[in-house]
Amino acid sequence: MEINQTAQVTNAVVEAYGIATEKRHEFLTPEHLLAGYLKDRDFWDVFERCGDAQELENSLYAYLNSLDSVPEDQELAIDFSEQTKELFQTAGEAAMAAMAKTVQTHHIIYAYFHLEDSNARFHLENALDTSIPDFLNSLLRNSSENGDSEDNTPQDRWLRYFTSPDTDINLVGRKEEIGKIFRVLCRKTKSNVLLVGGRGVGKTAIVRAFAKTLESATPGSRQKRELPSKLQESVILELNVSTLLNGTQYRGDLEGRVQEIMNAVSEEGDMIIYVDELRSLGGMNKSDDGSKDILSLMIPYLKSGKVKFIISATPEDVKKLSSNDQYGVLSLFRQIDIEEPSDEEAQKILEGMIPSLAGYHGVKYMKGTAAHAVAMSRRYMADRCLPDKAADLLDEAGAYAESLKEPKVTNTLIDKALADICRIDVQAADEEVKDDLYNMEKRLGQKIFGQEKAIRQLSEAILMSKAGLLDSGKTVGNFLFVGPTGVGKTELSKALAQQLHVPLHRFDMSEYSEKHSVAKLIGSPAGYVGYDDGGILTDAIRRNPHCVLLLDEIEKAHEDIYNLLLQVMDYAVITDNKGRKVDFRNVVVIMTSNAGARYAHKASVGFHGKADAGAAMAKEVKSVFAPEFINRLTSVVVFNDLDEKMAGLILDDKIKKLQERLYARKIRLEITPEAYERLLKEGFSPEYGAREIERVLNSRLTPLLMREILFGKRKENFTAKVAADSEGLKIDTARP
């Protein structure tokens with residue numbers, strides 16, 4: 001016996017999918033479904049008479065907010081959890097036992113009380129004031145479901161009325177887009193709307209505002225008369241693709257459902273179907289299974305004009321479809337681009353949302369929180385659009401205030417919410433960075449020796465950018481470090497990242513000397529191996545938009561890399577292989593090069609004795625790199641050759657670090673002047689720089705210490721005195 005489900009059950013599932021999609025959860029759980037039921041006014045009223053519906057809603061959302069989310073840059077595919085499958089199986093068995101033709105709400109709720117180790121059951125029982133049988137009887141008595149009716153229509157199962165929420169919609173600057181929707185829907189041909197915009201830009205909110213315009217036009221009212229005659233009787237229905245696909249196991253099942261829906265809607269007339277995501281309809285890849293490609297099945301109805309469509313999409317989805325648009329689907333739509341609102345417009349939109357958020361969380365939002373949320377989300381959440389990302393901050397901050405029993409949402413709470421979302425401590429970072437910026441030159445000089453001029457040049461450029469005196473649409477800085485090997489170019493980059501409290505992303509550009517290897521950075525083109533993997537560089541910056549990007553030995557890279565870098569230095573943005581823009585505005589770009597280092601000695605040739613080696617290297621740089629590349633650099637930082645004084649400072653630093661490691665094992669290291677001179681003499685090499693000092697320590701000193709620690713008479717708590725004789729270094733040990 002086949003058992004269907006009632007419209008109320010279907011609507012609860014649809015709402016549950018909406019909640020899971022909004023929170024980017026991988027699985028639809030019983031908790032999502034119960035939260036979906038609470039959006040049904042009839043269910044809410046029944047529960048309110050048997051318990052505390054608000055308490056149930058609060059506890060459910062607290063649990064749902066604690067679940068892990070799928071990252072924004074990954075595709076979301078929601079599936080039923082094992083508990084949800086068990087729930088529906090138990091409900092189906094209960095319906096069959098009652099000889100019912102449909103699964104109804106009381107069957108679903110009955111199944112909740114038979115789930116073991118279920119959070120949903122726990123929250124449900126906690127919020128109830130009556131017995132479970134009394135609650136189930138109340139549901140049965142007050143239910144408006146007609147479970148035994150066979151008059152269920154496709155609309156009941158897979159479509160629902162798309163209406164605006166009860167709260168006011170404050171859409172600043174969106175009247176033009178809503179007007180365009182009206183005009184497109186009134187056309188004779190191509191009367192289907194494709195709303196294209198980034199994630200969070202407000203596409204769904206615009207459709208809700210359009211729906212509200214239709215709803216508010218009551219018969220005989222002025223609003224009704226102002227509507228175009230062709231749309232005065234129109235109704236918007238939302239197609240839920242997830243429920244449409246459920247149970248379509250065999251070829252032909254989906255085709256039958258789509259045909260059933262479209263024929264029924266065509267007969268009704270004046271129907272507008274809304275689909276929230278273009279990608280959910282399929283047809284994006286050549287490998288798409290034809291039986292699951294809803295978009296191609298809808299083509300006859302898109303052409304007929306009897307049913308009008310509004311579909312939202314991201315630019316990436318449109319680009320992907322256009323590359324494989326076998327049936328010319330895009331030509332049947334009129335595209336309306338939805339741009340991200342300005343900061344001022346976004347702030348006004350948020351101010352319209354604050355009363356609703358304040359009522360939901362039971363807190364007060366302080367003046368200026370909307371502006372702060374916009375500013376902080378703009379700065380730290382570059383991969384999403386306003387106003388949604390700022391609205392997320394306000395909502396998260398409200399949840400913080402509610403959980404901490406604080407009556408007010410302040411800018412500090414917004415920063416805490418941002419720290420959770422972006423995994424950064426905004427307040428601590430700002431305070432530490434401000435202190436470290438003040439002492440930047442001094443602290444970098446304590447780590448990198450003999451390069452005072454290079455450090456001063458780099459520090460001043462960074463401070464200029466942080467002070468806002470440079471173009472805000474560019475990177476923090478674009479630097480070319482030139483100089484011999486081993487003089488501290490890479491070390492200075494690491495030290496800078498530590499000072500700015502950001503990660504360092506290092507790329508060895510010798511690995512990108514071939515033309516085909518460039519694709520690794522931004523991702524392979526569509527149709528090539530690695531397309532779905534994304535780009536190494538773009539993914540790294542998307543994960544950590546505040547960072548130091550180190551491109552070592554840039555002169556060894558393929559020339560196509562320079563075209564990529566020109567985009568970064570000019571506009572602080574790269575478009576990856578999937579059409580997504582990656583923001584580099586908070587990146588310090590450092591490129592290192594040995595170009596000109598081997599020619600520096602030529603600077604000393606001539607009647608004047610010794611000239612500036614840096615000038616010789618800078619001259620050689622101009623011959624290696626193109627003028628358009630050099631002109632976009634913030635600074636060319638020239639590093640000095642290693643001299644004996646610098647070598648001594650580096651040796652002192654490395655010995656000090658070795659002493660600290662040994663001290664942790666209660667071993668004291670002493671080096672005699674003779675041994676020190678021997679290490680310095682062997683380690684000083686202008687040709688190989690500081691790396692030669694490292695090699696000498698690892699080959700001369702540390703092996704002696706290793707043997708003494710492992711095989712000597714004393715394992716710890718002793719003094720190791722390093723001396724030198726004609727044969728080399730030796731160690732004497734004694735108790736301290």
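These legends describe close-up views of a predicted model.

**View 1. Strand 6 sits between two neighbouring strands, strand 10 and strand 9.**
Strand 6 covers residues 192-196. It runs parallel to strand 10, and 5 bridges join the two. Within this pairing, Val 196 has Asp 337 of strand 10 as its bridge partner. Strand 6 also pairs with strand 9 (residues 308-313), again in the parallel sense, over 4 bridges. Here the bridge partner of Leu 194 is Ile 311.

**View 2. Both faces of strand 6 are covered.**
Asn 192, Leu 194 and Val 196 lie on one side of the strand, and Val 193 and Leu 195 lie on the other. Is strand 6 enclosed by the rest of the structure or open? Strand 6 is largely enclosed, because 5 of its 5 residues are buried. The cut-off for buried is a relative accessible area under 20%.

**View 3. A patch of positive charge lies on the surface.**
The patch is formed by Arg 183, Arg 187, Lys 190 and Arg 334. Arg 334 belongs to strand 10 (residues 333-337), the strand that is joined to strand 6. With a relative accessible area of 37%, Arg 334 is partly exposed.

**View 4. Glu 125 and Arg 121 form a salt bridge within helix 7.**
Side chains of opposite charge can pair when their charged atoms come close. In this pair the N to O distance is 3.0 Å. The two residues are 4 apart in helix 7 (residues 119-127), which means that about one helical turn separates them. Glu 125 is partly exposed, at 34% relative accessible area. Arg 121 is partly exposed as well, at 26%.

**View 5. Arg 279 and Asp 317 form a salt bridge between two parts of the chain.**
The closest N and O atoms of this pair are 2.9 Å apart. Arg 279 lies in the loop between strand 8 (271-275) and helix 15 (294-297), while Asp 317 lies in helix 17 (residues 315-322), so the pair ties together parts that are 38 residues apart in sequence. Which of the two residues counts as buried? Asp 317 does, at 3% relative accessibility, whereas Arg 279 is partly exposed at 29%.

**View 6. Glu 692 and Arg 695 form a salt bridge in helix 33.**
The closest N and O atoms of Glu 692 and Arg 695 are 2.9 Å apart. The residues are 3 apart in helix 33 (residues 690-711), and about one helical turn lies between them. Arg 695 is partly exposed, at 42% relative accessibility.

**View 7. Glu 340, Asp 343 and Arg 378 are linked in a network.**
The links in this network are salt bridges. The structure holds 25 salt bridges.

**View 8. Arg 24 and Lys 405 have positive phi values.**
Arg 24 has a phi near 55 degrees, a positive value in a residue other than glycine. It lies in the loop between helix 1 (7-22) and strand 2 (27-28). For Lys 405, which is not a glycine either, phi is about 60 degrees. Lys 405 is found in the loop between helix 20 and strand 12 (408-409). Arg 24 is buried, with a relative accessibility of 11%, but Lys 405 is exposed, at 73%.

**View 9. A cis peptide bond joins Leu 386 to Pro 387.**
Omega of this bond is near 5 degrees. Pro 387 lies in the loop between helix 19 (369-380) and helix 20 (388-403).

Conventions
Residues numbered from 1 in each chain as written. Predicted model: local features only at pLDDT ≥ 70, side-chain atom pairs only at ≥ 80, totals over all residues. Heavy atoms only, no water. Patch = residues over 30% accessible without salt bridge, like charges linked within 9 Å, V, L, I, M, F, W, Y side chains within 5 Å. Areas by Shrake-Rupley, 256 points an atom, 1.4 Å probe, with all protein chains shown as cover. Salt bridge = Lys/Arg side-chain N within 4 Å of Asp/Glu carboxyl O. Lys, Arg positive; Asp, Glu negative; His and termini not counted. Charge placed at Lys NZ, Arg CZ, Asp CG, Glu CD. Buried < 20%, exposed > 50% of the residue type's maximum accessible area, 1.4 Å probe, protein only. Pairing = 2+ DSSP bridges.
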